[in-house]
Amino acid sequence: MNEQSRENGREPVVPEHVLTDILSGQTALVTGANSGIGKGVALALGAAGANVVVNYVTDPDSAQELAEKISENGVRAMALKADVSREDEVGQMFSRIRKEFGTLHILVNNAGIQDDAPFADMSIEQWNKVIGVNLTGQFLCSRAAVREFRRRGAEPEVSSATGKIICMSSVHQEIPWAGHVNYTASKGGILMMMKTIAQEVAADRIRVNAIAPGAIRTPINRQAWESEDAYERLMTKIPYDRIGETRDVGRMAVWLASDLSDYVTGATMYVDGGMMLYPGFTTGG
Ligand code: BGC
């Protein structure tokens, strides 16, 4: 909390999901969905009425558990294993989705990894691995989704868009981050890939957008928020004065996947509590 809110004794309030059935009759694939942001997005899409394919690559139990939890909402959910950086596995995943669900309406390109090193020490394996999952993975899944959307064609009674693609980016598509050059390069690449695909498929009424989260509370970035010291340091970068929760990103995904955002394509929605507002300039400059 900042000085002002501390004096007011105000604790941050994080809204719960308030979602309806705006996605009912649609099937969504969320890659890397069994933990972190992907899990929050999968839960939110399911709560909004979509059938959800929970893609994962490790830890099948958590994927299965999540699929069961989502289906308690009365929608269909299924865990599907595939490494998104591999063309053959992505192809198999899409065939399976077609077989099980008939088609796909929403793709959330969420799978992403970090493998950090100082620039001069970064190995080619570290570079290729992160680019492979974060950027090539989004390319492969987006291509498969666009092919499926075009094959099926428009279904105006289901959605005004023929298909929707949401690319998970990061504030680091814009903010340089020392020690993470493979990750920032992958996220910068996602920005231009997303916009170029959006431009190319807009006439088919396929919408392509990105979400750029800031610091979200997930197991992966635990060191950034777990201790009081780390949390205080993190808050110097977040004007809204709380860490993001996965459901903050989930709500944005629901909006971008729904017809509420029908005229939005090629856009990046920052979900970052103001991290992009240069908080270092709150004073001085
Ligand atoms: C990273 C997080 C980090 C955040 C803000 C995200 O892209 O995955 O670990 O906390 O950016 O720096």
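The following legends describe close-up views of a predicted model. Residues are numbered from 1 along each chain as its sequence is written. Because the model is predicted, local features need pLDDT of at least 70 and side-chain atom pairs count only at pLDDT 80 or more, whereas totals for chains, interfaces and linings use all residues.

**View 1. The open sheet and its edges.** Seven strands, taken as DSSP runs of E with at least two residues and numbered, like the helices (runs of H or I, at least four residues), from the N terminus, form an open sheet in the order β3-β2-β1-β4-β5-β6-β7 with parallel pairing. Two strands pair if DSSP finds at least two bridges between them. The edges are held by β3 (77-81) and β7 (268-271), each with a single partner strand, so one side of each is left without a neighbour in the sheet. From one strand to the next the twist averages 20°, where axes are lines fitted to C-alpha atoms, for helices over the stretch in contact, and angles run from 0 to 180 degrees between N-to-C directions.

**View 2. Strands β2 and β3 with helix α3.** Strand β2 (residues 51-56) pairs with β3 in the parallel sense over 5 bridges, and along this pairing V52 stands opposite A77 while V53 stands opposite M78. Helix α3 (residues 60-71) packs on the sheet, touching β2 and β3, and its direction makes about 160° with that of β3; contact here requires C-beta atoms, placed from the backbone, to lie within 7 Å. Although β3 is an edge strand, 4 of its 5 residues are buried, so β3 is largely enclosed by the rest of the structure. A residue is buried if 20 or more other C-beta atoms lie within 10 Å of its own, exposed if 12 or fewer, and partly exposed in between, with C-beta atoms placed from the backbone.

**View 3. The nonpolar core around V54.** The largest nonpolar core, a set of buried Ala, Val, Leu, Ile, Met, Phe, Trp, Tyr and Cys residues joined through C-beta atoms within 7 Å, has 76 residues, and those with the most contacts inside it are L45, V52, V54 and A253. Helix α5 (residues 124-152) supplies the largest share of this core, 9 residues. Leaving aside neighbours within four places in sequence, V54 is in contact with several residues, including V30, A42, L66, M78 and L80.

**View 4. A257 in helix α8.** A257 lies in helix α8 (residues 246-257) and is buried, with 29 other C-beta atoms within 10 Å. Not counting residues up to four places away in sequence, A257 touches L23, A28, L45, I106, K164 and I166. The C-alpha atoms of A257 and K164 are separated by 6.0 Å, although the two residues are 93 apart along the chain.

**View 5. The shell around the ligand.** The residues around the ligand are S170, V171, H172, G214, A215, N221 and A224, each with its C-beta atom, placed from the backbone, within 6 Å of it. By class, this shell has 3 nonpolar, 4 polar and no charged residues, with Ala, Val, Leu, Ile, Met, Phe, Trp, Tyr, Cys and Pro counted as nonpolar, Asp, Glu, Lys and Arg as charged, and the others, Gly among them, as polar.

**View 6. Positive phi at R205 and Y278.** R205, in the loop between α6 and β6, has a positive phi near 60° without being a glycine, and counts as partly exposed with 18 C-beta neighbours inside 10 Å. Y278, in the segment after β7, has a positive phi of about 50° although it is not a glycine, and is exposed, with 11 other C-beta atoms within 10 Å.

Key:
Two residues are in contact if their C-beta atoms, placed from the backbone, lie within 7 Å.
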